[in-house]
Amino acid sequence: MQLIHDVARWRAYCEDQRANGERVGLVATMGALHAGHAALFDAAKVRGDHVVATLFVNPRQFNDANDLTRYPRPRDEDRALASAHGVDCLVEPSLEEMWPDYPNATATTVSVRGIGENYEGASRPGHFDGVTSVVAKLFTITGPCRAYFGEKDFQQLAMVRQMVRDLSFDVDVVGCPIVRDDDGLALSSRNVRLGPVGRQRALVLSSALRDVGSLPANASTLRSRLRATLVDAQLDVVYADVVNPVTFEPSRDDEIGEARALIAANVDGVRLIDNGTVTLEREER
Ligand code: AMP
């Protein structure tokens, strides 16, 4: 596995791969890699891509300085996991090269209106601008044919798709299913910060999603049931809703078909998000 730190070499490396007829597949990460990230590497490998993974803890997408400071950074383990899953090139760029003006704001920001304004966008001001701006930069430098994102960050995935359409990036965005622990908890780099009691309480997120996912009903019924489960468990809920998976508008009772249930909650001082598919069905009055 190639290890690259500077932007000029990273760009040249990807150009060489394309010149050799390779299709570059990009997996963007903030490190503290786990089986959820590994599934993205594997998905790229299965498609025969030349896999370029980036590892950059992007400060511009953290709206909470404490969260940024406490973000885990197990460099050696990350390199070992990436290499074991067939990553061809791991890029670990420096903050100075990625955001030369940091901590001052950059003059240019990529912002996705609409989808990006609710839920994660509303509860973490500035977060999505940081995400779309860095992803646009990664696309520009890497020039990938495909880019792999997890459904764990379902709203982020929808925003990246929107950005690709709006800015005509020549990238095929591939969404990959959420990887969970055996007990249902969605894998996240932040899970290591949960104590044993918090970890147990966190299971309510996935069980509430499984519950509403197994019960076709109208949007109001599913929304109430989801919220009731979380309130009963006395979780500090940031939001819990049933939404249109493309527009991220709250689903209405006259809608049928597939929708998405979204949850964000603070458990043990750790902000967790999860989501799952639900089926909307009309209900007789
Ligand atoms: P992060 O390192 O948290 O920025 O995540 C990098 C990529 O891995 C994003 O596309 C995430 O959606 C994806 N990812 C993180 N956790 C999971 C998971 N449990 N299952 C699937 N994808 C994930």
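## Ligand surroundings

A polar contact is a pair of N or O atoms within 3.5 Å. In this predicted model, a nitrogen atom of the ligand lies 2.9 Å from a polar backbone atom of Leu187, and the pair therefore falls within the 3.5 Å limit. Two further approaches involve oxygen atoms of the ligand. One oxygen atom of the ligand is 2.9 Å from a polar backbone atom of Met30. An oxygen atom of the ligand also lies 2.9 Å from a backbone N or O atom of Gly150.

In total, 17 residues surround the ligand. The closest of these are Met30, His37, Asp153, Val179 and Leu187. Met30 and Leu187 thus appear in the list of closest residues, and each also has a polar backbone atom 2.9 Å from a ligand atom, an oxygen in the case of Met30 and a nitrogen in the case of Leu187.

## Domain arrangement

The chain is divided into domain 1, covering residues 2-176, and domain 2, covering residues 189-277. Between the C-alpha centres of domain 1 and domain 2 the distance is 26 Å. Domain 1 contributes 21 residues to the contact, and domain 2 contributes 20 residues.

The size of an interface is often expressed as the accessible area lost when the parts come together. For domain 1 and domain 2, the area buried between them is about 1800 Å², with 50% of it on carbon and sulfur atoms.

## Polar and charged pairs between the domains

Between domain 1 and domain 2 there are 13 residue pairs in polar contact, with both residues at pLDDT 80 or more. On the side of domain 1 that touches domain 2, the elements giving two or more residues are helix 3 (65-70), helix 6 (120-123) and helix 8 (154-167). Helix 8 gives the most, with three residues. By class, this side of domain 1 has eight nonpolar, six polar and seven charged residues.

Side chains of opposite charge can pair when their charged atoms come close. Four salt bridges are counted between domain 1 and domain 2. The side chains of Glu120 and Arg271 form a salt bridge, with an N to O distance of 3.0 Å.

## Salt bridges in the whole structure

The structure as a whole holds 16 salt bridges. One pair is Asp88 with Lys45, whose closest N and O atoms are 3.2 Å apart. Asp88 lies in the loop between helix 4 (75-84) and strand 4 (89-91), whereas Lys45 belongs to helix 2 (residues 35-46), so the pair ties together parts that are 43 residues apart in sequence.

## Backbone exceptions

Most residues other than glycine have a negative phi, and most peptide bonds are trans. Two sites in the loop between helix 5 and helix 6 depart from these patterns. The peptide bond from Tyr102 to Pro103 is cis, with omega near 10°, and Pro103 is found in that loop, which follows helix 5 (95-98).

Tyr119, a residue other than glycine, has a positive phi near 50°. Tyr119 likewise lies in the loop between helix 5 and helix 6.

How values were computed:
Residues are numbered from 1 along each chain as its sequence is written. This is a predicted model: local features need pLDDT of at least 70, side-chain atom pairs count only at pLDDT 80 or more; totals for chains, interfaces and linings use all residues. Side-chain values use heavy atoms; hydrogens and water are left out. Domain bounds come from an automatic or database domain assignment. Contact means heavy atoms within 4.5 Å. Buried area is the accessible area (1.4 Å probe) that two parts lose on being put together, summed over both. A polar contact is a pair of N or O atoms within 3.5 Å; within protein, one must be able to donate a hydrogen and the other to accept it, and residues adjacent in sequence count only if both atoms are side-chain atoms. Helices (H or I, at least four residues) and strands (E, at least two) are DSSP runs, numbered from the N terminus. Ala, Val, Leu, Ile, Met, Phe, Trp, Tyr, Cys and Pro count as nonpolar, Asp, Glu, Lys and Arg as charged, and the others, Gly among them, as polar. A residue is near a molecule or strand if one of its heavy atoms lies within 4 Å of it.
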